[in-house]
Each structure stands twice: as structure tokens, then as C-alpha cells.
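Biologist: Hi, I've got a model open and would like to go through it with you. Can we start with a single residue?

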Amino acid sequence: MLIAASAYATIVRPLQVLVLLGVILFFVRVLSIATEEMRPPKEESGRRQRRRALTLAFMEPEAQAGERIEIANPVVLGRGAPSDIVLDDTFLSTQHARFSVDDGDLFIEDLGSRNGSYVNAEPVIHRTQLLKGDVIQIGNVILEVVR
């Protein structure tokens, strides 16, 4: 009996202490990760370079090819007077599409036009984010998103 007690004291007891220590370290790590995740995000440093804003470049009609539209505030493109950019195209609605910038990202929104708006040949159903290289078709007008 004395041999069994001494084996317990010399082998099992240190293993129990090691397991307990491992469990404690695990919970300390979980708590540190949880508190880090709960902190508000740090402000971006001033060293981060601001990327150039996306702009729209006319591809068609050929008379306007190469012209660029910089979008800083919401801009409505259409055939009629309430639009910010008026184009002579019978396939455009009076107010056809709205371009806007949200947190540095460029978006398009079709304003219920009869002929629709398309990004990369896909119809614009809802507000859609535009990326560099996207091709937009609104009536006979074709625009490309560039920097």
C-alpha cells in the first residue's frame, strides 16, 4: 500500500498540477482575446495612403470618348433637365441612374428607368458597388470605371 501511495504522489500529482496549469493558461488566453475583440477599432494612422477616387470615363458615344466624370457627390445621369448630367440619348430616361460615393466606394443605382442600367452586362437591380474596370451601359452610353 505504501508503494501505491508514493507512486501517486510522485507521478499522478504533478500531472494533475500540469493539467490544471494548462486549463488556467487556456482561459487566460480566451479572456485576453475576448477583451481585445470588445475594444473599439483603432483609428487609422495618417501614414495610410489615400487611394485615388474612382471616376467614370466615357467609351461611347464617340463624341465624348475619353471624357471623365469625377463623382464626389451624388450625380444623376439622364436625358432631362432634373438630371445633373444631361445626355442626348433617346434610350435614356429623364432621370436614369444615380452615381454616389459612400466611404470612398463608388455605387450605381437605377432610378426605375425603362431600358435599365447594366454593369458588366448584368442588370442593376439594386444599389451596386462599382470596381475599377467595370463597364456600365445606360441606354447607348457606355462608361468604364477608372482611377
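Biologist: How does G104 count in terms of relative accessibility?
Modeller: G104 counts as partly exposed, because its relative accessibility is 29%. Buried means under 20% relative accessible area, exposed means over 50%, and partly exposed is in between, with a 1.4 Å probe and only protein chains considered. Before we go on, this is a predicted model, where local features need pLDDT of at least 70 and side-chain atom pairs count only at pLDDT 80 or more, while totals for chains, interfaces and linings use all residues. Residues are numbered from 1 along each chain as its sequence is written, and side-chain values use heavy atoms, with hydrogens and water left out.

Biologist: Thanks. Where does G104 lie?
Modeller: G104 is in the loop between β5 and β6. Strands here are DSSP runs of E with at least two residues, helices are runs of H or I with at least four, and both are numbered from the N terminus. G104 and L54 are 50 residues apart in sequence, yet their C-alpha atoms are 8.3 Å apart in space.

Biologist: What about T55, buried or exposed?
Modeller: T55 counts as buried, because its relative accessibility is 7%. T55 is in strand β1. Leaving out residues up to four places away in sequence, T55 touches R68, I69, E70, E144, V145, V146 and R147; a contact means heavy atoms within 4.5 Å.

Biologist: Let's zoom out. How many helices and strands does the protein have?
Modeller: There is one helix and there are eleven strands. Along the sequence, the helix comes before the strands.

Biologist: In what order do the six strands of the open sheet run?
Modeller: The order is β2-β1-β11-β10-β7-β8, with antiparallel pairing. β2 (68-70) and β8 (122-123) stand at the edges with a single partner strand each, so one side of each has no neighbour in the sheet. Two strands pair if DSSP finds at least two bridges between them.

Biologist: And the five-strand sheet, what is its order?
Modeller: That open sheet is ordered β4-β3-β5-β6-β9, and its pairing is mixed. Its edge strands are β4 (85-86) and β9 (128-130), each with a single partner, so one side of each is left without a neighbour in the sheet. Within this sheet, β3 (residues 75-78) and β5 (residues 97-102) pair in the antiparallel sense over three bridges, and V76 stands opposite R98 in β5.

Biologist: Which side chains of β10 point to which face?
Modeller: In β10 (residues 135-138), I136 and I138 point to one face and are buried, while V135 and Q137 point to the other and are not. β10 pairs antiparallel with β11 (residues 141-146) over four bridges, where Q137 has I142 as its bridge partner. The hairpin of β10 and β11 has two residues between the strands, and G139 there takes a positive phi near 65°. On the β7 side, S117 stands opposite I138.

Biologist: Which residues touch the most other members of the largest nonpolar core?
Modeller: L56, F99, I108 and I136 do, out of 22 residues in that core. The elements giving two or more residues are β1 (55-60), β3, β5, β6 (105-110), β10 and β11, and β11 gives the most, with three. A nonpolar core here is a set of buried Ala, Val, Leu, Ile, Met, Phe, Trp, Tyr and Cys residues joined through side-chain atoms within 4.5 Å.

Biologist: Now charges. How many salt bridges are there?
Modeller: The count comes to three, where a salt bridge is a side-chain nitrogen of Lys or Arg within 4 Å of a carboxyl oxygen of Asp or Glu. One of them joins E36 and R39 at 2.7 Å, N to O. E109 and R98 meet at 3.3 Å, N to O. E109 lies in β6 and R98 in β5, so this pair ties together parts that are eleven residues apart in sequence.

Biologist: And how far apart in sequence are the parts that D102 and R127 tie together?
Modeller: Their side chains meet in a salt bridge at 3.8 Å, N to O. D102 lies in β5 and R127 in the loop between β8 and β9, so the pair ties together parts 25 residues apart in sequence.
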